[in-house]
Amino acid sequence: MRQRRVSLFLAALGLLTLAAFASSDLELSYRLAAMACAAVAYTALAWWVRRSLRQQELLMDALADGISSLHSSDYSVSITEPKDSTLRKLVTSYNALGGRLRSQRQDLFQRELLLDTVIQASPLALILTNATGTILYANITARQLLNGGRKLEGLALSPLLASMPPSLRDALEDTRDRLFTATLHGDAEIFHVSHRQFLLNGQPHRLRLLKQLTREVSAQEVAIWKRVIRVIAHEINNSVAPIASLAQSGQRLALQPETAQLTRVFSAIEERMSHLAQFVDGYSRFAKLPKPRPGHVEWRRFLDKLQAVAPFALDGLVPGEMGWFDESQLEQVMINLLKNAAEAGSPPSSTVVAVRAARGGWTVEVRDRGSGMSADVLTNALLPFYSTKPAGSGLGLTLCREIVEAHGGTLEAGNRTDGEEGAVIRFWLPPSPATAGYGLRSSIEPASTQTP
């Protein structure tokens, strides 16, 4: 359009010039020569101006296309710099910008490739889902765990979890970080799951990290058993050595009897033996846990009897149906949990017990308002002989778990997620054998968010 306007302007100017020469007083030969020169000059000028404008328009079109490519994240377009043009600086700046963006994208691609390689090689199962539960990203470990190594992106998470063990399904569908046990390929595996929610491009997303801890827990258990053996040997030696010395003293006193000294010797021996017996009994009860003898137990009577021993608050109604468990062993579980809550600083009125029906069985939950559990304590809480108390044996929660699992249930430990500080221990008990459809490794329901 601009070329046409300039061409029309030069044509009109040329015609005016020719008309001026034609009407001048010069001789005819001079007028014709002047008119011919003017025609040639204006024609050359028009050609040069049109060519310059054409080059500029082509350059502007190329710049427009290049900027459009930048908007489309295509940084491969570059423009040949003109030899003589006022737009050379603009073209040079554009090419420099495109080169820098290409370099930055290449660096970003290399970093993303490195990050993806690390994530894919990680032993943690990583699953990223959007607000609708569709899987947007999953690494190799997650694919092997949930889909036999096949691709997960684009699939809905819920249908995939339908065929998983109940404990694994509940852990991934819940929002709480927890330790749990799931039976995979006939073996009981220990997992820790972490949930993180965040906004990505203004949309809610959830990241799930699932770590298998079976080997780590087994290694820790071996280390703990070695430590326990050292503790037992040390404690026995501390008792046996004084007893042997006292026995020798008593033997000498027997030759020249002195009743008062003999009494002190025998009293000291009795005290050391009593201490040793109590020490050994604490460990033998864990090692020789009898097989439970479950029977029908009325929940109201069981909880009333328990409240007389260790006071607590009830959350919700007490089920009217009968439970199916060994009453003395489950009482021991509950007393241990309530004792732990009290030692954590939770007053009886703030320690809550809830019993609810869950998948044919029962979920029992103990919530306190103590100091809660740190990440390290949460990881090791169910290990035998692990304790944060100076005089603790580390057998309380482990014994509880052994009793619950001996009943065919599961136990898990975590922190409260209802905005209150404190810990929550919950376990699931199966129904009586007369009721069909329960599994030995089922997980338990999410915690209630009610508070006293």
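This is a stop-by-stop tour of a predicted model, with a selection to make at each stop.

**Whole chain**

Start with the full chain in cartoon view. The chain has 452 residues, and 37% of them are buried. Its secondary structure consists of 12 helices and 12 strands. Switch on the surface: the accessible area is about 26,200 Å², and carbon and sulfur atoms account for 58% of that area. Of the contacts between residues at least 6 apart in sequence, 55% join residues at least 24 apart.

**Stop 1: helix 2 and a surface patch**

Select residues 28-71, which make up helix 2, and find Trp-47 within it. Show the side chains of Leu-45, Trp-47 and Trp-48; together they form a nonpolar patch on the surface, with about 380 Å² of accessible area. Trp-47 counts as exposed because its relative accessibility is 58%, and the cut-off for exposed is over 50%.

**Stop 2: the antiparallel sheet**

Next, display the open sheet of 5 strands whose order is 2-1-5-4-3; its pairing is antiparallel. Strand 2 (135-138) and strand 3 (178-184) are the edges, each paired on one side only. On average, neighbouring strands in this sheet are turned by 25° against each other, with direction ignored.

Now select residues 125-129 and 203-212. These are strand 1 and strand 5, which run antiparallel and are joined by 5 bridges. For a single position to centre on, take Leu-126, whose bridge partner in strand 5 is Leu-209. Add residues 140-147 to the view: this is helix 4, which packs on the sheet and touches strand 1, strand 2, strand 3 and strand 5. The direction of helix 4 makes about 85° with that of strand 1.

**Stop 3: the mixed sheet**

Move to the open sheet of 5 strands with the order 7-9-10-12-11, where the pairing is mixed. Its edge strands are strand 7 (313-314) and strand 11 (410-415), and each pairs on one side only. Within this sheet, select residues 361-367 and 423-429, which are strand 10 and strand 12; they pair in the antiparallel sense over 6 bridges. Trp-362 stands opposite Leu-429 of strand 12.

Then bring in residues 327-343. This is helix 10, which lies across strand 9 (352-358), strand 10 and strand 12. The helix runs at about 170° to strand 12.

**Stop 4: Gln-329 in helix 10**

Stay with helix 10 and select Gln-329. Is this residue buried or exposed? Gln-329 has a relative accessible area of 5%, so it is buried. Which residues does Gln-329 contact, leaving aside neighbours within four places in sequence? They are Pro-290, Lys-291, Pro-292, Ile-403 and His-407.

**Stop 5: salt bridges**

The whole structure holds 14 salt bridges. Select Asp-174, Arg-176, Asp-315, Arg-356, Glu-365, Arg-367, Glu-412 and Arg-426 together, and a network of salt bridges links them.

Two pairs in this set are worth displaying one at a time. In the first, the side chains of Arg-176 and Asp-174 meet with an N to O distance of 2.6 Å. Arg-176 counts as buried, at 7% relative accessibility, and Asp-174 counts as buried too, at 9%.

In the second, Glu-412 forms a salt bridge with Arg-426, and the closest N and O atoms are 3.1 Å apart. Glu-412 is in strand 11 and Arg-426 in strand 12, so the pair ties together parts that are 14 residues apart in sequence. Glu-412 is buried, with a relative accessible area of 4%, and Arg-426 is buried at 1%.

**Stop 6: a salt bridge between loops**

Finish with Glu-420 and Arg-369, whose side chains meet in a salt bridge of 3.8 Å, N to O. This pair links distant parts of the chain, 51 residues apart. Glu-420 sits in the loop between strand 11 and strand 12, while Arg-369 sits in the loop between strand 10 and helix 11 (375-380).

How do these two side chains stand in terms of accessibility? Glu-420 is partly exposed, with a relative accessible area of 31%. Arg-369 also counts as partly exposed, at 28% relative accessibility.

Definitions and conventions:
Residues numbered from 1 in each chain as written. Predicted model: local features only at pLDDT ≥ 70, side-chain atom pairs only at ≥ 80, totals over all residues. Heavy atoms only, no water. Pairing = 2+ DSSP bridges. Helix = DSSP H or I, 4+ residues; strand = E, 2+ residues; numbered from the N terminus. Contact = heavy atoms within 4.5 Å. Axes fitted to C-alpha atoms, helices over the stretch in contact; angles between N-to-C directions. Patch = residues over 30% accessible without salt bridge, like charges linked within 9 Å, V, L, I, M, F, W, Y side chains within 5 Å. Areas by Shrake-Rupley, 256 points an atom, 1.4 Å probe, with all protein chains shown as cover. Salt bridge = Lys/Arg side-chain N within 4 Å of Asp/Glu carboxyl O. Buried < 20%, exposed > 50% of the residue type's maximum accessible area, 1.4 Å probe, protein only.
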